[in-house]
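Visitor: I'd like a close look at one part of this model, the sheet. Could you walk me through how its strands are put together, and then show me a helix contact for contrast?

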Amino acid sequence: MIVCDNTQRRYALHTAHTTYQMAADADGRLLHLYYGKRTDAPRTIAPPHNDPGCWPDLLPQEYPAPGLGDNHAPFFAPEWSDGSRAAALRFAGAEVCPAQDVLPGLPSFHTGGETLRITLQDPQGLTVTLRYTVFADCDLITRSAVVENTGSAPVTLRGVPSGVVDFARRDLDLITFDGAWAAERTPFRGPVRPGVQSIGSVGGIPTHAHNPAVVLCAPDATENRGDCLGLALVYSGNFRIQTERTTAGIRVSAGIEPYGFAWTLAPGEAFSTPELALVYSGQGLGGMSRCFHDAVRGHLLRGRWRDLTAPRPVLLNSWEACYFTFNEEKLLTLARAAKTAGADLFVLDDGWFRGRNSDTTSLGDWVADCAKLPEGVPGLCRKINALGLDFGIWVEPEAISPDSDLYRAHPDWALQIPGRDTLEIRHQYTLDFSRADVREGIWQQLTALLDSCPVRYLKWDMNRSLANVWSAALPADRQGEVYHRYVLGLYELQQRLVDRYPDLLLENCAGGGARFDFGMLYYSPQIWCSDNTDALDRLMIQYGTSFFYPPCVMGAHYSTVPNHTTGRTASVEARMAAALSGTFGFELDLTQYTPEQLDELRPFVDFYHAHGALLRTGTLYRLCPPDGGAAWAIAAPDGSEAVVFASGCVLDGRSLPLPFAAGRQTYRAAMLATGLEGGTERYSGESLAVHGLPLPALRGNMPGFLCHLQQED
């Protein structure tokens, strides 16, 4: 619900449990008043003191502008034709729209409630329209801004935030989600210190280093209690999220990274920022996460795969089984083993296209290598289908190898700066997706592949950051638009893909989890979480990911031991716990498994087929943080059914209280394990909630525990 009081120039956004308030002061500055637990009581802010010249630097503003008294580190930076960088944005009106605005060319949360538009104007000819959409059912509020040049001369935007939130003076902790390849999204928590702290990317993608999402929380906030505010960008390119603590309070700003960004608006032109998603919870980090999970499942995923109660295929990916060395018969032998293990889908990963025998060649030539596939992709697909499996395939459409037919024909299609050597990363360049002709060339190749046979799954990979960012399609004074136009081009191509092939299961990937963000989830219902499938490392990777993203979107596979990345061993149960918590599939050579070993996998696959809807739609509870081990549960919203997972050192005989357990009910507990001969236990809901579910005392290399709980009639 939105309360729009234009008489008093006061505005409130209400979700089921939260309220966001703002108002225009006597000078027309739009001030941020409150964001927290739902209330109908109006908040006010008194002038800081009797010197109005200092107020711009002290008052909490909804969309602050630089150069005229606000001395915070600037994010919004309009540059006028005279070279000045300043703005005085003043309130000019507000209206409530019954439907959500559409962001042109950008992904966004959708099927929400009302949208509040607030217009701010600078007298020299700049209008900023702030857009707030309320998703009451999941306590989500989204923000974006449209900046329009209403003057008579061009204006260049050298920084434009999606949103800013000012807090009064108080202590807050900042949680960021950082890492590297094979160690993505590790939570890092510390106090917001004086000055500027920021995370971001200048690599053209979010990269492995930082995820475009942060949490600001009370210092005493825990998993289950305390004030928490989550902010996440719906964007897949260069970004910055920064906090600045001054004597006035704490300001957090989020948007496109200003480095390498300069967008010129001719008179009458407008620029739309990516969306910023906000969730406040007074129920701790877990409460905040569950709101984001509901928002993703209910308002971000689209198309056929938005229905998470519908079956989702168990797949086997060929990469760790074959790498580049295979022929058709080897693939078919692997597919037969996958079918025996209960898989539904066979995915042919890298190495299938012409001349691709290592990572040094052939990217961009999306035509089958007949030395490996004599009847091409259609022939292999036909034989895979005859085994009773659907077929999927891997591509890396944004990349081009210097040693490729495509590069020899179109060397100008790669991003490159005139007069400089083009940087090879992973023996490849990046195609200039800011150009429509380049995108069309790749589109023709993709559609030829996807039209040649019934491809049910497409893994879209992207294995490097951008460099040599310069486009031949733009003049010198517009090169600051290339990074963002690249992202818009990527979105356009994936939109065309899902429109033309609505039944295709698209999974995005970027060297593992380097582009795991809300923007990509708008187009693909799952993203490969990390190239590291080690059961112990996955505890931290998937734990950190779960702060904003539900388990059902995390690409997670059961893999071999010793693990190909770490060399570490782990039990079947521990590896299954990690994989079943995500999209679930296999990433190993099942042809090396004996019939008995394949039979050991079937109960877990059968469980996913029978209970996948629970795992995809259930509520996540992080029961124990990862520290050599972890425990978590996915429960039905009414608490009637759940799966409890635990791995590592937590399996020392302790008990886990289960917050979702209904006190008056009896639960039947059945353990999933290799070699287990049935056996169930029964517990009262009160016992599970207060005393906890007893965990076995297990030893060995990374033990695991999976337990299915079901209420009895």
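Guide: Sure, let's start with the sheet, bearing in mind that this is a predicted model. Four strands line up in the order β1-β2-β3-β4 to make an open sheet, and their pairing is antiparallel. At the edges sit β1, covering 2-5, and β4, covering 30-37, and each of these pairs on one side only. If you ignore direction, neighbouring strands here are turned by 10° against each other on average.

Now zoom in on β2 and β3. Strand β2 takes in residues 10-14 and β3 residues 18-24; the two run antiparallel and are joined by five bridges. To find your place in that ladder, pick L13: its bridge partner in β3 is Y20.

Now for the helices, further along the chain numbering. Have a look at α4 (residues 328-341) and α5 (residues 376-386), whose axes come within 10 Å and cross at roughly 25°. Angles under 35 degrees count as roughly parallel, so α4 and α5 are roughly parallel to each other. Their crossing is right-handed.

Who does the touching? On the α4 side it's E328, L331, L332 and A335, and these meet G379, L380, K383 and I384 of α5. Sorted by class, that contact has five nonpolar residues, one polar and two charged.

Definitions and conventions:
Residues numbered from 1 in each chain as written. Predicted model: local features only at pLDDT ≥ 70, side-chain atom pairs only at ≥ 80, totals over all residues. Heavy atoms only, no water. Axes fitted to C-alpha atoms, helices over the stretch in contact; angles between N-to-C directions. Parallel < 35°, antiparallel > 145°, perpendicular 65-115°, else oblique. Left-handed = near helix turned anticlockwise from the far one by under 90°. Contact = heavy atoms within 4.5 Å. Nonpolar A, V, L, I, M, F, W, Y, C, P; charged D, E, K, R; others polar. Pairing = 2+ DSSP bridges.
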